[in-house]
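Work through the exercises below with the model open beside you. Try each task before you read its solution.

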Amino acid sequence: MKWPALHTGLVLAACATLVVACAGSQSPGGESGSPPELEPPSAVGDGEGQLNLVAWAGYAEDGSNDKAVDWVTPFEQQTGCQVNVKIGNTSDEMVQLMRSGQYDGVSASGDATLRLIYAGDVAPVNTDLVPNYETISSFLKDQPWNSVDGQMYGIPHGWGANLLMYNVNVVRDAPNSWAAVFDDASKYKGKVTAYDSPIYIADAALYLSKTKPELGITDPYSLTSEQLDAATELLKAQRENIGEYWSDYTKEVQAFESGTSVIGTSWQVIANTIGADNKVQVNTVLPKEGSTGWSDTWMVSAKAAHPNCMYKWMNWISSPEINAQVAEYFGEAPAQTKACEHTTQKDFCDIYHATDAEFASRIHYWTTPQTQCVDGSGDDCTAYSEWVDKWQQIKG
């Protein structure tokens with residue numbers, strides 16, 4: 001792609017120095033209150049020659065895994081920024097890596113973003129310096145998981161729903177409710193699967209918000225202590241029917257293909273992978289209660305040593321051609337609306353509901369729980385650290 005002309009002016013590195021100075025006066029690990037007052041840059045300067053990223057597997061491919069899959073090398077050739085990638089296996093790991101100060105940016109999911117923002121680990125982003133931001137889906141912009149008080153802290157990358165998946169030859173009643181893995185889970189005792197993360201508590205909270213309205217749950221990430229306890233009890237009951245939890249999606253593929261799992265939380269890419277092998281027939285549904293899901297965001301470290309290269313990367317990865325490549329390879333909806341014109345599979349965006357705002361509105365995207373309720377309802381909510389403790393209790 002050809003790079004649009006960017007504004008001239010102060011080199012971003014100078015802004016980064018200011019960012020570090022501002023962040024240094026803040027106490028780390030904040031989960032409420034206001035983020036540190038950091039100024040976004042006013043211009044992008046020349047690249048610094050290096051770029052150190054923390055990324056989900058499949059987000060920054062350089063041809064080493066598959067020679068045909070490479071959008072890093074052309075970026076390096078065009079910008080002179082040599083990319084070094086550290087794979088983050090979980091959101092918790094990504095947060096710890098970013099707090100080391102060794103990385104310029106991260107492809108953070110919503111269960112990590114606010115932790116990074118409020119601790120001053122990432123800087124606000126000047127979206128005017130990322131021309132491709134303009135045509136990113138509007139329903140991914142200025143959201144509770146990627147912005148604070150109207151200030152964006154990153155560039156949306158891709159998104160998807162946590163779906164209910166089931167083996168159609170075993171689960172014959174075509175469930176359309178999360179009741180299948182909660183209240184009715186005993187039907188498939190030992191063969192139910194669920195996502196292995198404290199953020200999965202939100203799935204239980206979402207279900208309870210619809211089935212037990214007396215609990216007063218209005219947002220699955222804004223839970224009082226009593227509401228968190230109710231979700232915990234539901235998950236403890238579910239635990240009796242769980243065969244295994246998964247975080248590596250290849251493990252869920254194997255579990256469904258071997259028959260050790262027949263129903264549970266999944267992603268569309270997992271269903272596609274199983275279907276391509278023709279070993280087991282599965283179906284996915286977005287249940288009537290809605291679902292949780294993810295919207296990943298490229299964020300700039302407040303201590304970035306190579307901030308100009310990071311801004312160039314954010315524009316590159318959100319360009320129509322590249323965002324299409326990443327989305328198809330990873331198996332998610334692209335954030336860039338124009339990416340649908342460049343997918344090799346012509347119905348890809350239809351399968352993943354890429355520009356379907358109505359479908360997207362049914363998803364409650366991962367957002368880091370905080371004592372200051374993320375839905376703005378008050379300051380008596382539970383922080384992510386409390387969710388971690390509850391998750392450990394659930395799993396035993």
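Four exercises follow, each with a worked solution.

This is a predicted model: local features need pLDDT of at least 70, side-chain atom pairs count only at pLDDT 80 or more, and totals for chains, interfaces and linings use all residues. Residues are numbered from 1 along each chain as its sequence is written, and side-chain values use heavy atoms, with hydrogens and water left out.

**Exercise 1. Place strand β3 among its partners.**

Solution.
- Start with the element itself: β3 covers residues 105-108. Helices (H or I, at least four residues) and strands (E, at least two) are DSSP runs, numbered from the N terminus.
- Look at the side chains. Gly105 and Ser107 point one way, Val106 and Ala108 the other way, and all are buried. Buried means under 20% relative accessible area, exposed over 50%, and partly exposed in between (1.4 Å probe, protein chains only).
- Now find the partners. Two strands pair if DSSP finds at least two bridges between them.
- Strand β1 (residues 50-55) runs parallel to β3, joined by 2 bridges. Here Leu53 stands opposite Gly105.
- Strand β13 (residues 291-301) pairs with β3 in the antiparallel sense over 4 bridges. Ser107 has Trp298 as its bridge partner in β13.

**Exercise 2. Is helix α4 mostly covered or uncovered, and what does it pack against?**

Solution.
- Count first. In α4 (residues 110-118), 9 of the 9 residues are buried, so "mostly covered" is the label by definition of buried.
- Name some: among them are Asp111, Arg115 and Tyr118.
- List the neighbours. The buried residues pack against α3 (91-98), β3, β4 (122-123), β5 (147-148), β13 and α13 (384-395).
- Step past the helix end. Gly120, just after α4, has a positive phi of about 75°.

**Exercise 3. Describe the interface between domain 1 and domain 2.**

Solution.
- Set the bounds, which come from an automatic or database domain assignment. Domain 1 is 50-157 + 297-345, and domain 2 is 160-292 + 376-395.
- Take the contact (heavy atoms within 4.5 Å). Domain 1 gives 5 residues and domain 2 gives 4 residues.
- Take the buried area, the accessible area (1.4 Å probe) that two parts lose on being put together, summed over both. The value is about 520 Å², with 60% from carbon and sulfur atoms.

**Exercise 4. Locate Gly259.**

Solution.
- Gly259 sits in the loop between α7 (249-258) and β11 (263-266).
- Its relative accessible area is 24%, so Gly259 is partly exposed.
- Gly259 and Val280 are 21 residues apart in sequence, and their C-alpha atoms are 8.5 Å apart in space.
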